[in-house]
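Trainee: Could you go through a structure with me, step by step? I'm still new to this.
Mentor: Gladly; let us open it and begin.

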There are 2 protein chains.
Amino acid sequence: MSAHSFDKLNLETSSSSALLHAFEPTISQIVAPDSIHTTQARSHLDTLTKPLGSLGHLEDIATQLVAIRSGDVDTPLRKAVYVFAADHGITAEGVSAYPAEVTRQMVLNFLAGGAAINVLARLHHARMTIVDVGVAGDVTGLDNLLGRKVRLGSRNMLNEAAMSWEELMQAISTGIALAEQAASDGLNVVAPGEMGIGNTTAASALTAAITGYPIEQVTGHGTGLSEQAYEHKIQVLRRVLEKHLPLTNSHLRNMGGLEIAAMTGFILGAAAHRIAIVADGFISTAAAVIATSIAPATRHYLFSGHQSEEPGHRILLAHIGLRPILQLHMRLGEGTGAVLAMPILESAMHLYREMATFQSAGVSEAAP
Amino acid sequence: MSAHSFDKLNLETSSSSALLHAFEPTISQIVAPDSIHTTQARSHLDTLTKPLGSLGHLEDIATQLVAIRSGDVDTPLRKAVYVFAADHGITAEGVSAYPAEVTRQMVLNFLAGGAAINVLARLHHARMTIVDVGVAGDVTGLDNLLGRKVRLGSRNMLNEAAMSWEELMQAISTGIALAEQAASDGLNVVAPGEMGIGNTTAASALTAAITGYPIEQVTGHGTGLSEQAYEHKIQVLRRVLEKHLPLTNSHLRNMGGLEIAAMTGFILGAAAHRIAIVADGFISTAAAVIATSIAPATRHYLFSGHQSEEPGHRILLAHIGLRPILQLHMRLGEGTGAVLAMPILESAMHLYREMATFQSAGVSEAAP
């Protein structure tokens, strides 16, 4: 099973063995929930005082959550968002509307509580953790920042692989370890979020490589590129893919980012611990798709919080068969779309647990 | 202005005068928010630490809320849902999957706290009020039920107008009075919800009359009709429209329901008191469209909580130019889709108020 999984990462045989050895305990723990819970959840929903199926997607969400939780509907949802921050060497090519130092500045903004994700996490009671996995600047000694820096930003993937094997493994391990800690802390719904100027470029490269779609269709305007800058981004991506696509080793290593690798590990770790995972936008869904290619059963633990405006996101969601909960034309990242969807998950669980049945409420059912 | 507005109700001249006299104080209070607040809100959003426009619809929601509240961003949202319950004489024609007594049974379920709307109102901290405006059964003496019964259900609109002029006026007045009380209580976001077996038939008739769409396109399967029962519903609606469409008096009186009339008054009253209104599904949006035809500025106070599965709902939303916040394939009513959207409204307001600016956080802006 694991050998099969790692084939999907397209790893070189030698390094593949090292990865296999390192992550086998996590990967082997990722199994689909027992289908009996799905069946029982559907039956229960049909007894509640509402027309059959009238709660729409909320019924699907409740069913999936009940299955993930092995039928436990009493433990409250304990929510968290993890923001993985890293820089990208490819920003040297001028692919982003914002200067690279914004990654570090936004980390400081997260720590001060002023970013969008801070506001949403406070409002919706999600614990927020900020992780430096590769910010290209000094952020040591800051309170409440988890220092897990692998490197001062990924390498410029136009010239070389974005990460060495060791860097890739370290980033994935970091994510897995954080998921294990989340499980120990009793968290049961997590959102992997990110901050990294340049990371839509990495996500577009990965999406083109994974899905086979042409680069124009998986590339958007990021945080707000002009038409001219967008054309330049496409040209850079074309050269990136020319360089790396023919290689048979890891796309994630060659064209990913340190935060994408960490999120991949985090998602694998969460699935291994039966934690529901709410993917955010384009970047975090790219990590979810890679995690699912490594361990296909990861898919059962995944929700899509929202449909972002990045065109590649829609393609990734279709590739993995995920239906976004919200469509609010957001394109911010940080985990914002995922945390915004958490009240919907919570609503689905509460409806499942608290609604009266036709029998208990003495309500007549529909004519047969 | 008021004479013009009442023309839109297509009232007979004599009764129009009585209505005009009764509701003029409310209608004359409904004015568009000052556009300065809209302009200022847009400017403020562009200073926040996020790519321009990256919060998507949340920015539109925040802007509209700030304008409704005349720039007040500090007063917390105080949320409420009002469930208007009434029966429909047209159910005698067999247009619903559920027997008519379910309206009364569901009122008891609301009072016991077991319906979907109870669960969502509890979870999202919306005050819930249940109002009998026309349940065809005895619900007197029940705690926490507002007894405002106009009639034991509307009349069968296949044979006569669904309401007399007096009944219509009483139902509208009831809604206005409740909105006035809501304003006195300090509520600033309200959802008009409903319960009434047969009310998708009334809403379809109103939608066909208002928008001119053919009956097949504005009629759905309600709470779960078979194909055969659906065909029958279409036939009944065809006869209803043949009878009432040529008349120049009120569509709401002829083909509405007591709860739809009460919701129309409630929406007018809320707009008059500058309360944000979150419409729910097909039925409550029909009331919103009628309220807007009476007082066009009502539109500025309206949000659409969700896109329901009833095909007429999409047509009404397009008619009035409302974009639904959620698309979760729900078709339950009761105000459920509106209350489910309230955390999104709340998120938009909190982001607006609490996010740091580029300047305050020392974050670099995008290259020009």
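Trainee: How many helices and strands are there in chain A?
Mentor: Chain A has 15 helices and seven strands, where helices (H or I, at least four residues) and strands (E, at least two) are DSSP runs numbered from the N terminus. Please keep in mind that this is a predicted model, in which local features need pLDDT of at least 70 and side-chain atom pairs count only at pLDDT 80 or more, while totals for chains, interfaces and linings use all residues. Residues are numbered from 1 along each chain as its sequence is written, chains are lettered from A and ligands numbered from 1 in the order in which they are written, and side-chain values use heavy atoms, with hydrogens and water left out.

Trainee: OK, and how compact is chain A for its length?
Mentor: Its radius of gyration is 21 Å, close to the 21 Å that the globule rule gives for 368 residues, so chain A is as compact as a globular protein of that length. That radius is taken over C-alpha atoms, and the rule is 2.2 Å times the number of residues to the power 0.38. Along its principal axes, the C-alpha trace of chain A spans about 70 × 45 × 40 Å.

Trainee: What share of its residues count as buried?
Mentor: Of the 368 residues of chain A, 63% count as buried, meaning under 20% relative accessible area, with exposed being over 50% and partly exposed in between (1.4 Å probe, protein chains only).

Trainee: Now the strands: in what order do they sit in the sheet?
Mentor: The open sheet of seven strands in chain A runs β3-β2-β1-β4-β5-β6-β7, with parallel pairing; two strands pair if DSSP finds at least two bridges between them. Its edge strands are β3 (145-147) and β7 (324-326) of chain A, each of which pairs on one side only.

Trainee: And what holds paired strands together in general?
Mentor: Strands of a sheet pair through backbone hydrogen bonds, either parallel or antiparallel.

Trainee: Which way do the residues of β5 in chain A point?
Mentor: In strand β5 (residues 276-279) of chain A, Ala276(A) and Val278(A) point one way and Ile277(A) and Ala279(A) the other, and all are buried. Two bridges join β5(A) to the parallel strand β4 (residues 189-195) of chain A, with Val190(A) standing opposite Ile277(A). Three bridges join β5(A) to strand β6 (residues 302-306) of chain A, also in parallel, and there the bridge partner of Val278(A) is Phe303(A).

Trainee: Switching topic, how are chains A and B related?
Mentor: A rotation of 180° with 0.0 Å of shift along its axis superposes chain A on chain B with an RMSD of 0.0 Å, the fit being by least squares on the C-alpha atoms of residues with pLDDT of at least 70 in both. The two copies are thus related as by a two-fold rotation axis.

Trainee: How many aromatic pairs are there over all chains?
Mentor: There are eight aromatic pairs over all chains, and rings of Phe, Tyr and Trp (its six-membered ring) pair if their centres lie within 6.5 Å, with planes under 30 degrees apart counted as stacked, over 60 as edge-to-face and the rest as tilted. The rings of Tyr98(A) and Phe358(B) have centres 6.4 Å apart and planes at 10°, so this pair is stacked. The pair crosses between chains, from the loop between β1 and α5 (101-112) of chain A to helix α15 (residues 358-361) of chain B.

Trainee: Are Tyr98(A) and Phe358(B) buried or exposed?
Mentor: Tyr98(A) is buried, and Phe358(B) is buried as well.
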